[in-house]
Amino acid sequence: MYVSRLALDHYRSWSQVVVDFVPGINLIVGKNGLGKTNLVEAVEILSTGASHRTSSTLPLIERGQSTATIRANVVASDDSHGDEQTTTYEASLHARGANRARINSGTSMYLRDIIGQVPSVAFTPEDQRLISGDPASRRTFLNQAGVLLEPGYAEALQQLTRIGKQRATLLKQLNASSAAGQPIDAALSGLEIWTGQFIEAGITLTRMRKRIIDALADPFAAIYCDLAGDTEQVTLSYAPSFDEVLLYDEPHQAISEHFQRIYPGEVARGINLIGPQRDDLNLELFDIPAKEFASNGEMWTMALALKMALYRMIRQRLGVRPIVILDDVFAQLDDSRRTQILEFAREQDQVLITVAAEGDVPHSALNGGTAHVIDVDALRNQADAFAESLQQSLQQSLAALHADEHAGVHDADSTAADAANVQGQEQQ
């Protein structure tokens, strides 16, 4: 599977751009600030519905626009006949309202309905935060893994998010009503209903996440051992906020009692104090939390192993090689880890690599020196020229319209003057 063409409209810094890719290694070369990361991020959005750079849609849309569009032609082999088939995937990102999608210009659907159909795994400069950063970074990884490995994950996550927002709104209302001495019976009744739904949705998502981490744990440990040496021992485990799910076959009652105990604190703060929105992963090196003990090099190796484990599980479960994205990672890695990741990349159907200069990637690593090079500066010049041409056309159209209106006014004035002359002659 590979992306043969990517077209963006009003996506981040690109008003319009079209990029052609090939199977194998694609080098996207350009100075910082030209928008090369935006190109591979768009593939990541189409693949997982989320970006490693932001948690919301608004930053993905060009300033002053209300919608951004991502279109990609994806080529995949037909196992039954051995032929290649091209499918066009389209995602529309909206500043307001739900993000939408289409396949081959067909019926409009939710974006979540197509994510996972073009699997990808991205290696980025932020990957070290998977080990050293806050839980939000690890939850982003968990969500991206979930939409690729667990059917129905995106819908379950969206449902939990919606219910959680409603419950938090009621908690804020309870706080305000209580402080003002107003009745709270109606809000309490509503909170009980939303709490029950939140528990149900949270248990569903927690069980999905546990299956994901259970599947990744062994490959992660094995890959890390291959990268770092047999003496290194790492473990990956799931740390759910609803830990009752791990303790009981039917955890609903235990979680409900937990909510009852923390209810005053939730009302005081106006937030949901427990739930999957507070989940985390435990990554340990020799049974010690890696974020407290591991060196920078060890953290990078753990992050690489985690992403490679995800790649392995996608390939096993979906039967395809995910697109591999290497976004400006070489400056962050030493020679040993750079070689490891390039050896991994050489084996894939398609790799998209962003670099500031072509020389940043060792020539020997590029499949004998062959790679498709994309000059982002040239792309930018083409995009700017197109935008300027479009602006000129618009100005010419406005000028012609203004001229027509002016001519219409002049003709009307002439007609009125002629009519006045005729009327004067008649009066004479």
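Here are three short exercises on this structure, each with a worked solution.

This is a predicted model, where local features need pLDDT of at least 70, side-chain atom pairs count only at pLDDT 80 or more, and totals for chains, interfaces and linings use all residues. Residues are numbered from 1 along each chain as its sequence is written, and side-chain values use heavy atoms, with hydrogens and water left out.

**Exercise 1.** Work out how helix 3 is set against helix 4.

Step 1: find the helices, which are DSSP runs of H or I with at least four residues (strands are E runs of at least two), numbered from the N terminus. Helix 3 covers residues 135-149 and helix 4 covers residues 153-179.

Step 2: get the geometry from axes, lines fitted to C-alpha atoms over the stretch in contact, with angles from 0 to 180 degrees between N-to-C directions. The two axes come within 7 Å and cross at roughly 135°.

Step 3: pick the word. Under 35 degrees is roughly parallel, over 145 roughly antiparallel, 65 to 115 roughly perpendicular, and the rest oblique. So helix 3 is oblique to helix 4.

Step 4: look for contacts (heavy atoms within 4.5 Å). Helix 3 brings Leu142, Asn143, Gly146 and Val147, while helix 4 brings Tyr153, Ala154 and Leu157.

**Exercise 2.** Do the same for helix 9 and helix 10.

Step 1: the axes are 11 Å apart, at an angle of about 5°. Helix 9 and helix 10 are therefore roughly parallel to each other.

Step 2: on the helix 9 side, the residues in touch include Trp300, Leu304 and Tyr311, and those they meet in helix 10 include Ile341 and Phe344.

**Exercise 3.** Describe the aromatic pair of Phe198 and Phe242.

Step 1: know the rule. Rings of Phe, Tyr and Trp (its six-membered ring) pair if their centres lie within 6.5 Å; planes under 30 degrees apart are stacked, over 60 edge-to-face, and the rest tilted. Across the whole structure, five aromatic pairs turn up.

Step 2: apply the rule. Phe198 and Phe242 sit 6.2 Å centre to centre with 85° between the planes, an edge-to-face pair.

Step 3: place the partners. Phe198 is in helix 5 and Phe242 is in the loop between strand 9 and helix 6, 44 residues apart, linking distant parts of the chain.
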